[in-house]
Amino acid sequence: MQSTTQSKGKVERPIRYIRNNFFYGRDFLSDDDLNARALLWLDGVANVRIHSTLKERVADRFERERPYLNSLAPWPYRPVTPLPELQTTQTRVPSALQVVEVERRPLSEYAGITGEIS
């Protein structure tokens with residue numbers, strides 16, 4: 001099993017790439033404007049670049065892995081914040097922090113699924 005120090009960068013690096021190469025230095029008029037520009041950037045820059053580690057186009061890699069991806073849930077996700085009609089005037093204070101268990105798997109397990117050696 002990989003330690004957090006080995007996997008943390010792999011998780012955070014794509015966020016830094018998007019922030020530095022798409023968000024910084026741009027203004028957006030609305031969410032729709034942001035979404036439209038993001039799609040143009042994905043199609044024209046991010047997904048057609050040669051990935052430095054994989055040495056192949058991101059779009060090509062995604063298409064090869066697409067058959068192994070699971071479908072999204074068929075039902076809508078619950079909102080992170082309560083909808084206004086669901087909010088009450090009372091404030092709930094949790095008595096203790098809730099613990100969430102997250103299943104961890106080594107990256108080599110995913111490579112085995114796709115038939116690649118890591």
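A nonpolar surface patch, as the term is used here, is made of residues with over 30% relative accessible area and no salt bridge, whose nonpolar side chains are joined within 5 Å. With that in mind, let's walk through this predicted model.

One such patch, of about 400 Å², is made by Tyr68, Leu107, Tyr110 and Ile113. If you would like a place to start looking, try Ile113, which sits in helix H4. Ile113 has a relative accessibility of 45%, so it counts as partly exposed, and that value fits the patch criterion of over 30%.

Helix H4, residues 107-114, also brings us to the largest pocket, since H4 supplies at least two residues of its lining. Helices H1 (4-23), H2 (31-44) and H3 (58-65) each do likewise. H1 gives the largest share, with six residues. The space in this pocket comes to about 1,600 Å³, and 32 residues line it; the closest to its centre are Lys10, His51, Leu54, Arg61 and Glu65. What is the chemical make-up of the lining? It divides into 16 nonpolar, nine charged and seven polar residues.

Two of the residues closest to the pocket centre, Arg61 and Glu65, lead us on to the salt bridges. Together with Glu56 and Arg64, they are linked in a network of salt bridges. Within this group, the side chains of Glu56 and Arg64 meet with an N to O distance of 2.8 Å. Are these two partners buried or exposed? Glu56 counts as buried because its relative accessibility is 18%, under the 20% limit. Arg64, in contrast, is partly exposed, with a relative accessible area of 41%.

The count for the whole model comes to six salt bridges, so there are others to visit. Arg57 pairs with Asp60, and their closest N and O atoms are 3.1 Å apart. Here Arg57 is partly exposed at 31% relative accessibility, and Asp60 is partly exposed at 40%.

Our last stop is helix H2, where Arg37 and Asp33 both lie, four residues apart, or about one turn of the helix. Arg37 forms a salt bridge with Asp33, with 3.3 Å between the closest N and O atoms. Asp33 counts as buried because its relative accessibility is 17%, whereas Arg37 is partly exposed, with a relative accessible area of 32%.

Key:
Residues are numbered from 1 along each chain as its sequence is written. This is a predicted model: local features need pLDDT of at least 70, side-chain atom pairs count only at pLDDT 80 or more; totals for chains, interfaces and linings use all residues. Side-chain values use heavy atoms; hydrogens and water are left out. On a 1 Å grid over the protein atoms alone, a cavity is a set of points where a 1.4 Å probe fits but cannot get out, and a pocket is an open set with protein on both sides within 12 Å along at least five of seven lines; lining residues have an atom within 4 Å of a point. Grid points are joined across faces, edges and corners, and a volume is the space filled by probe spheres set on the points. Ala, Val, Leu, Ile, Met, Phe, Trp, Tyr, Cys and Pro count as nonpolar, Asp, Glu, Lys and Arg as charged, and the others, Gly among them, as polar. Patches are made of residues with over 30% relative accessible area and no salt bridge: like charges are joined within 9 Å, nonpolar side chains (Val, Leu, Ile, Met, Phe, Trp, Tyr) within 5 Å. Accessible areas come from the Shrake-Rupley method with a 1.4 Å probe; for residues, only the protein chains shown count as cover. A salt bridge is a side-chain nitrogen of Lys or Arg within 4 Å of a carboxyl oxygen of Asp or Glu. Buried means under 20% relative accessible area, exposed over 50%, partly exposed in between (1.4 Å probe, protein chains only).
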